[in-house]
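Student: Please take one part of this model and examine it closely, beginning with how the strands are arranged. I should then like to see how that part relates to the rest of the chain.

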Amino acid sequence: MKTWLSLISIAALAACSPAVDDDISTPDTTAPDTQADTVETSEEEASEEEAAAPPGTDIHLFALDWSGEAPVLGASLGGITRPGYDNQPFFTPDGGLLYTADDETGETDIWRLDLASGETTPVTQTPGESEYSPRIAPDGRLSYIFQPPGGYAGNAYLANPDNTDRQPAEALAPVGYYGFSGDMSAVAVFHLGEPMTLQLIDRTTTPETVTHIADNPGRSFFRAGRGPAIYVTLADDAGIHTVHALNTQTGELREMFALPGTSQDFAVAVLPDDRITFIAVHDNRLVWRAWGGWEPIGAIDWLTGVTRLAISPDLSTLAIVAEE
């Protein structure tokens, strides 16, 4: 067990917890979140192990204030900053933050930060195995991508909150990212291949029914409040990611708007009246989708390599993943 103290003090806890990030790339035997974070080095510069290791990432937490439907970046609240991979934050309804973290073996486990006490505890401790992309599924179970010993299988798994009674939630593999429908009848997945594809899986049929939806999806999957939609992105040849709403009942894709620049990461805030606010990053600034365009809500120019974003269910806290 560790204590979340501050951006500086927690950095000393180097060997205790893990995390992950990525870009879309040709799949190999490593997990998807480590593929895109791999630093390119020559054989003379590093061993294969060093070249395959993802760069270190930290999770920074900030207060998120609101002026009506407009978000405003607030004060720093610390975060998870230790040497290694700390990534893929997901806020839980009970005041926690799930994240993925690596250890000295290169394997990853899921950890939980208690936002009130600052305590961090392991959710999964599975020697020889790795877990990625933690979430709380709509039915309250823990979900993640499971990597068994000896290679990457990439199934989405479901388990009890303490990781007991774990089982595959779908059979398609290898899968990198995912999002369940609100009634758990379907799951949308990022399927690794050439090209990468967005697939929709009907979990109510035996065997499951897999439908190809589109090529070149991004890694962000967010459920759209109470409806059947999941927000995803699709990339064009120029690397511009456009947000789409995927209807998990019909498979219909509805194009919405492009993310700024070449970012593929965004976060979704579901407001009390069920309206949706989107937050992204552009030119070292946080921006939100306002009245048909992107408006700045705060500078984060001291952070580099910003990727993943997450917003707590009560809309009070923002998690930002950046390079160490």
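Tutor: In this predicted model, β16, β17, β18 and β19 follow one another in that order in an open sheet of 4 strands with antiparallel pairing. The edge positions are taken by β16 (222-223) and β19 (253-258); each has a single partner strand, so one side of each is left without a neighbour in the sheet. Within the sheet, β17 (residues 229-235) and β18 (residues 241-247) run antiparallel and are joined by 7 bridges. Across this pair, Leu234 stands opposite Thr242 in β18. In a regular strand, side chains alternate between the two faces of the sheet.

A second open sheet, also described by 4 strands, has the order β12-β13-β14-β15 and antiparallel pairing. Here β12 and β15 (209-215) are the edge strands, and each has a single partner, so one side of each is without a neighbour in the sheet. Direction ignored, neighbouring strands of this sheet are turned against each other by 25° on average. Its β14 and β15 pair in the antiparallel sense, with 6 bridges between them, and Leu200 faces Thr211 of β15 as its opposite residue.

The loops around this second sheet contain two cis peptide bonds. One of them links Ala173 to Pro174, with omega near -5°; Pro174 is located in the loop between β11 (167-168) and β12 (175-180). The bond from Glu194 to Pro195 is likewise cis, with omega near 5°. Pro195 belongs to the loop that connects β13 (186-191) with β14 (197-202).

The edge strand β12 also offers a route to other parts of the chain. Gly176 lies in β12 and is buried, because its relative accessible area of 1% is under the 20% limit. The C-alpha atom of Gly176 is separated by 8.6 Å from that of Tyr132, although the two residues are 44 apart along the chain. Tyr132 in turn takes part in a polar contact, in which its side chain meets the side chain of Gln147 at 3.4 Å. Gln147 is placed in strand β9 (residues 142-147) and is buried, with a relative accessible area of 14%. A further side-chain pair is found in an earlier part of the sequence: Asp86 and Arg82 make a polar contact at 2.7 Å. Asp86 is in strand β4 (residues 86-91), and its relative accessible area of 0% places it among the buried residues.

Backbone geometry deserves separate attention at several positions. Asn163 is not a glycine, yet it has a positive phi of about 70°. Its place is in the loop between β10 (155-159) and β11, and with a relative accessible area of 12% Asn163 is buried. Asp274, also a residue other than glycine, has a positive phi near 75° and is placed in the loop between β20 (267-270) and β21 (276-282). Asp274 is partly exposed, because its relative accessible area of 34% falls between the 20% and 50% limits. Trp291 adds a positive phi near 50°, in the hairpin of β22 and β23, where 2 residues lie between the strands. The two strands of that hairpin, β22 (residues 285-290) and β23 (residues 293-299), pair in the antiparallel sense over 6 bridges. Within this pairing, Trp288 stands opposite Glu295 of β23.

These parts can be set against the chain as a whole. The protein chain contains 2 helices and 25 strands. Of its 324 residues, 53% count as buried. Of the contacts between residues at least 6 apart in sequence, 44% join residues at least 24 apart. The chain exposes about 13800 Å², and carbon and sulfur atoms supply 51% of that area.

Technical notes:
Residues are numbered from 1 along each chain as its sequence is written. This is a predicted model: local features need pLDDT of at least 70, side-chain atom pairs count only at pLDDT 80 or more; totals for chains, interfaces and linings use all residues. Side-chain values use heavy atoms; hydrogens and water are left out. Buried means under 20% relative accessible area, exposed over 50%, partly exposed in between (1.4 Å probe, protein chains only). Contact means heavy atoms within 4.5 Å. Accessible areas come from the Shrake-Rupley method with a 1.4 Å probe; for residues, only the protein chains shown count as cover. A polar contact is a pair of N or O atoms within 3.5 Å; within protein, one must be able to donate a hydrogen and the other to accept it, and residues adjacent in sequence count only if both atoms are side-chain atoms. Two strands pair if DSSP finds at least two bridges between them. Axes are lines fitted to C-alpha atoms, for helices over the stretch in contact, and angles run from 0 to 180 degrees between N-to-C directions.
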